[in-house]
Structures are given as structure tokens and as C-alpha cells.
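Visitor: I am new to this one. Could you walk me through it?

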Amino acid sequence: MKITAPLVLLAICSQVPVASAQLLLPNFFRNRPAKPIPQGHQHPIMNIPNIFVPPPKDNEASAGSDSLSISDVIGKERVINIFAGFTRDIDTISKRLNDQSQNTTVLAPLNSALQKLPRKPWEDPEDYNALGDKAYEGQSGEDRATRNLRRFAEAHVVPVSPWKEGDKVMSMGGGTVWWESRDGGKVVQPGDIEVSSVAERVSNGEVWILKGCLNYD
Ligand SMILES: *[C@@H]1O[C@H](CO)[C@@H](O)[C@H](O)[C@H]1NC(C)=O
């Protein structure tokens, strides 16, 4: 009867990590038909294969799945989840990463690199010079912070994939970026930013994990 399906699903859920189980469970207990739960742009059921199969890493990354877009996979990597959050919150970027007709290389700084920045990615010294320490208060302050964060994040979105070595490309933010091979790895320029790994390859591009942040002034 009604109880059978939830039990089967519970059996499946009991094998998935807690966070995913929490996303899946409430619907069953409320005895409603399962509805897609927004999590990025994914349907939770589509997550299950990813949970059981470890995400591809580095040069083992698969050639790219037909159905997944960058927005579906960027949230999987905990070490970049701060930047992944920016890409979801900023509409120009989230649209692009969800768009299967446009390829993108996302240069996602490690959480630790973001935490080490001398100032928050939404802070601009010029705002403080002009407006003092209330620069980010009130609605206009919030708008200012949003604009700055967008500029920071867009500097890390390269509207090309595959991206060839040495190819100078204008990022979404307007700066010119390219990369070089070094010691068997990749270094993004300008700024000598080491690529820690290529975390994801999907049909509309790649997610590279960066050990530092690009200059976004
Ligand atoms: C987009 O990326 C795919 C690989 O995922 C590639 O086959 C295709 O040629 C790329 N398209 C463009 C315009 O670069």
C-alpha cells in the first residue's frame, strides 16, 4: 500500500549522505507526490547516480555528460562551495552555466583562497575612500556590494571551452586571461594562479579549481 514506496525510497536514502537525504525525505513524510526540489537546477532524483559514483577528478574527468550542465555539478565540490554559491546567486552567471548552447570554463577559487583575500570580494577600497566605513550599509550599500561581487565572480568566468593553452580570452568581467603549462600542471595568467585540478567536465564546459583568485580591479 502507500507505505511500500516510502520504505523503498527510505532504503535508498539511507545510503545517501545526510544532506541529500534531508532534501529528499520531507516530501515522503508529508505523503505528497514527490516534486522537484530546487537545488541549483537539479531534480533531486537525478542526483542519485552522482552520489554513488565518486565525481571524476583531474585527468580522469570523463569526456562530458550530455545531460549535465556546469550549474548541475559545480555544487558537488565542497572545497569551492563559497564560489559555487556566488555563481548561483549572480543571475548573469547562473544563466550562462545553465545554458547548454554556450560553453564556459569556470575558474573557481578554493574556499581557502577566498578566505585569505585581503578584503572581501564585495569590498572595494574606492568605496571606502569615497563613502567611509558605511559604504555597504543601506540599500545603496547593498547594491554596491552586489555589483562588486558580480565583478569579482565574472572575472572568474571564461566564456570558452575547450580553452586552449595560451588562448587570450576576455572573461565575463572584461579582463583578459590565459593559461600556461607548468610542472605538469596549469597556471592561469595574469597572476600565476595555480590550477589545483580540473574538477568537472560536462557538456557545456569545465570547472577548474584555482589555488588563488584572479585580480578583479
Ligand atoms: C563545447 O564543448 C563541447 C565539449 O563538451 C565541445 O564538443 C564543443 O565543440 C564545444 N563547442 C564550442 C563552440 O566550443
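What follows is a set of questions and answers on this predicted model.

Visitor: How many helices and strands does the protein chain have?
Guide: This is a predicted model. Both kinds of element occur in the protein chain. The count is nine helices and seven strands.

Visitor: What share of the residues counts as buried?
Guide: The protein chain has 217 residues. A residue is buried when its relative accessible area is under 20%. The share that counts as buried is 41%.

Visitor: How much area does the protein chain expose?
Guide: Carbon and sulfur atoms supply 54% of the exposed area. The total for the protein chain is about 12,300 Å².

Visitor: Among contacts between residues at least 6 apart in sequence, what share joins residues at least 24 apart?
Guide: A contact needs heavy atoms within 4.5 Å. Take the contacts in the protein chain between residues at least 6 apart in sequence. The part joining residues at least 24 apart is 56%.

Visitor: Which residues of the largest nonpolar core touch the most other members?
Guide: In soluble globular proteins, nonpolar side chains tend to be buried together. Here the largest nonpolar core holds 27 residues. Those touching the most other members are Ile70, Ile74, Phe83, Phe86, Val106 and Phe152.

Visitor: Which elements each supply at least two residues of this core?
Guide: Both helices and strands contribute. The strands are S1 (104–109), S6 and S7 (205–210). The helices are H4 (70–73), H5 (81–89), H6 (91–98), H7 (111–116) and H9 (138–154).

Visitor: Which residues does Val106 touch, not counting those up to four places away in sequence?
Guide: Val106 is one of the core residues that touch the most other members. Its partners include Ile70, Ile74 and Phe83, which are also on that list. The full set is Ile70, Ile74, Phe83, Leu97, His156, Glu206, Val207 and Trp208.

Visitor: Which residues does the second core include?
Guide: The second core is separate and has 13 residues. Among them are Trp163, Val198, Trp208 and Leu214.

Visitor: Which residues of H5 are buried, and what covers them?
Guide: The buried residues in H5 are Phe83, Ala84, Gly85, Phe86 and Thr87. Their cover includes H6, S1, H7 and H9.

Visitor: Are H5 and H6 roughly parallel or roughly perpendicular?
Guide: The axes of H5 and H6 come within 5 Å. They cross at roughly 95°. Angles of 65 to 115 degrees count as roughly perpendicular. H5 and H6 are therefore roughly perpendicular.

Visitor: Which residues make the contact between H5 and H6?
Guide: The residues of this contact divide into two nonpolar, two polar and three charged. H5 brings Thr87, Arg88 and Asp89. H6 brings Asp91, Ile93, Ser94 and Leu97.

Visitor: Which residues make the contact between H6 and H9?
Guide: The axes of H6 and H9 come within 9 Å and cross at roughly 35°. The contact residues divide into two nonpolar, one polar and three charged. From H6 come Asp91, Thr92 and Ile93. From H9 come Arg150, Ala153 and Glu154.

Visitor: Where are the prolines that follow cis peptide bonds?
Guide: The bond from Ser161 to Pro162 is cis, and so is the bond from Gln189 to Pro190. Pro162 is in the loop between S2 (157–158) and S3 (169–170). Pro190 is in the loop between S5 (185–189) and S6 (193–202).

Visitor: Is Asp183 buried or exposed?
Guide: Asp183 sits in the loop between S4 (176–182) and S5. Its phi is near 50°, a positive value in a residue other than glycine. Exposed means over 50% relative accessible area. At 80%, Asp183 is exposed.

Visitor: What is the relative accessibility of Asp192?
Guide: Asp192 lies in the loop between S5 and S6. Its phi is near 60°, a positive value in a residue other than glycine. Asp192 counts as partly exposed, at 44%.

Visitor: Is Ser171 buried or exposed?
Guide: Ser171 lies in the loop between S3 and S4. Beyond four places in sequence, its contacts are Glu154, Ala155, Val157, Pro159 and Val177. With a relative accessible area of 5%, Ser171 is buried.

Terms used. Residues are numbered from 1 along each chain as its sequence is written. This is a predicted model: local features need pLDDT of at least 70, side-chain atom pairs count only at pLDDT 80 or more; totals for chains, interfaces and linings use all residues. Side-chain values use heavy atoms; hydrogens and water are left out. Helices (H or I, at least four residues) and strands (E, at least two) are DSSP runs, numbered from the N terminus. Buried means under 20% relative accessible area, exposed over 50%, partly exposed in between (1.4 Å probe, protein chains only). Accessible areas come from the Shrake-Rupley method with a 1.4 Å probe; for residues, only the protein chains shown count as cover. A nonpolar core is a set of buried Ala, Val, Leu, Ile, Met, Phe, Trp, Tyr and Cys residues joined through side-chain atoms within 4.5 Å. Axes are lines fitted to C-alpha atoms, for helices over the stretch in contact, and angles run from 0 to 180 degrees between N-to-C directions. Angles under 35 degrees count as roughly parallel, over 145 as roughly antiparallel, 65 to 115 as roughly perpendicular and the rest as oblique. Ala, Val, Leu, Ile, Met, Phe, Trp, Tyr, Cys and Pro count as nonpolar, Asp, Glu, Lys and Arg as charged, and the others, Gly among them, as polar.
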